[in-house]
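Walk through this structure with me, one region at a time. Keep the sequence beside the view.

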Amino acid sequence: MEGEEIFPGVYKIGERIATKGGGGIRRGKTADGLRIWDPRRSKLAAAIMNGLKEFPIKQNSRVLYLGAATGTTAGHIADIVEKGVVYAVEFSKTSMRNLLESCREHTNMVPMLQDARTPEAYQYLVRGVNFIYQDIAQPDQSRVLEKNAGTFLRRGDKAILCVKARSIDAVKKPGEVFRAERERLSKSFEVIEDINLRPYHRDHRLFVLRFKG
Ligand SMILES: C[S@@+](CC[C@H](N)C(=O)[O-])C[C@H]1O[C@@H](n2cnc3c(N)ncnc32)[C@H](O)[C@@H]1O
């Protein structure tokens with residue numbers, strides 16, 4: 001089945017979405033070279049399914065991806081930024097093994113075994129970053145994003161932050177946690193979109209942000 005392009009590099013096939021791999025052998029490719037993007041395995045795919053209005057990642061974006069895990073979402077972003085690069089930061093050695101495998105299939109994805117809390121340790125290993133995607137599920141995630149944005153982004157550049165309510169406060173109601181996060185983020189960023197990821201990811205939100213510089 002033919003896919004309809006809904007954002008540059010993102011396709012809709014019936015009720016599903018997909019990205020287009022470049023060359024190489026990619027797992028799960030359809031006959032026309034599209035790779036199905038599962039919203040249950042990727043918060044960005046869930047945000048698209050839930051009506052993300054403006055897709056902030058361009059084909060030439062240079063992405064710093066914090067919390068790449070095994071490279072599921074990072075790999076789809078690497079498909080999209082065919083003229084750009086994805087620096088995939090992950091601090092778990094166990095995940096790194098699979099991430100390396102995913103990087104072998106995406107020549108524009110660079111694996112980095114680093115702690116996102118210390119951008120000073122990797123700032124000289126990356127070049128021209130103009131977008132940050134962060135999904136580290138840590139209580140101090142806003143501070144980590146602010147630190148990385150201050151190191152890599154210019155005023156007006158965009159970022160995506162995935163927020164899991166329980167990893168910030170397991171007792172407070174998710175709505176309260178999200179409100180507090182949004183307020184905190186609005187000191188350094190303008191919140192462009194704020195998307196609930198139900199039913200794909202419970203008590204998760206995805207924020208699209210513009211750095212105030
Ligand atoms: C929810 S998972 C990410 C899933 C992934 N973004 C995806 O969609 O395919 C969170 C990941 O962040 C990593 N992580 C947490 N804190 C980190 C830190 N300070 N630096 C780097 N990675 C971190 C964890 O090891 C874990 O693999």
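Alanine 116 meets the ligand through its backbone: a polar atom there is 2.9 Å from a nitrogen atom of the ligand. This is a predicted model. Two side chains also supply polar atoms. Glutamate 90 places one 2.6 Å from an oxygen atom of the ligand. Glutamine 138 places another 2.9 Å from a ligand nitrogen atom. How much of the ligand does the protein bury? Taken alone, the ligand exposes 610 Å², and 85% of that is buried by the protein.

Now widen the view to the whole shell. It has 17 residues, and the closest are Tyr65, Thr73, Glu90, Asp115 and Ala116. By class, the shell divides into 6 nonpolar, 6 polar and 5 charged residues.

Stay with glutamate 90 and turn to the strands. Its bridge partner is leucine 113, in strand 7. Strand 6 covers residues 85–90 and strand 7 covers residues 109–113. The two strands run parallel, joined by 5 bridges. What does the chain pass through between them? It leaves strand 6, goes through helix 3 (residues 93–105) and enters strand 7. This β-α-β crossover is right-handed. Glutamate 90 thus appears twice: its side chain offers a polar atom to the ligand, and the residue pairs with leucine 113.

Next, go back towards the start of the chain. Strand 2 (residues 10–13) and strand 3 (residues 16–20) run antiparallel, with 4 bridges between them. The hairpin they form has 2 residues between the strands. Glycine 14 in this hairpin takes a positive phi near 60°. Strand 3 also pairs with strand 4, again antiparallel and again through 4 bridges. Follow isoleucine 17 across these pairings. Lysine 12 stands opposite isoleucine 17. In strand 4, the bridge partner of isoleucine 17 is tryptophan 37.

Strand 4 leads on to a charged pair. Which side chain meets that of arginine 35 in a salt bridge? Aspartate 79 does, with an N to O distance of 2.9 Å. The pair links distant parts of the chain, 44 residues apart. Arginine 35 sits in strand 4 (residues 34–37), and aspartate 79 sits in helix 2 (residues 72–80). The structure holds 10 salt bridges.

Helix 2 follows a loop worth a look. The loop between strand 5 (62–66) and helix 2 contains alanine 69. Phi of alanine 69 is near 50°, a positive value in a residue other than glycine.

End with a backbone feature later in the chain. Where does proline 199 lie? It is in the loop between strand 10 (189–196) and strand 11 (204–211). The peptide bond leading into proline 199 from arginine 198 is cis, with omega near 0°.

Definitions and conventions
Residues numbered from 1 in each chain as written. Predicted model: local features only at pLDDT ≥ 70, side-chain atom pairs only at ≥ 80, totals over all residues. Heavy atoms only, no water. Near = heavy atom within 4 Å. Polar contact = N/O pair within 3.5 Å; in protein donor to acceptor, adjacent residues only side chain to side chain. Areas by Shrake-Rupley, 256 points an atom, 1.4 Å probe, with all protein chains shown as cover. Nonpolar A, V, L, I, M, F, W, Y, C, P; charged D, E, K, R; others polar. Pairing = 2+ DSSP bridges. Right-handed = clockwise from strand over helix to strand, strands pointing away. Salt bridge = Lys/Arg side-chain N within 4 Å of Asp/Glu carboxyl O.
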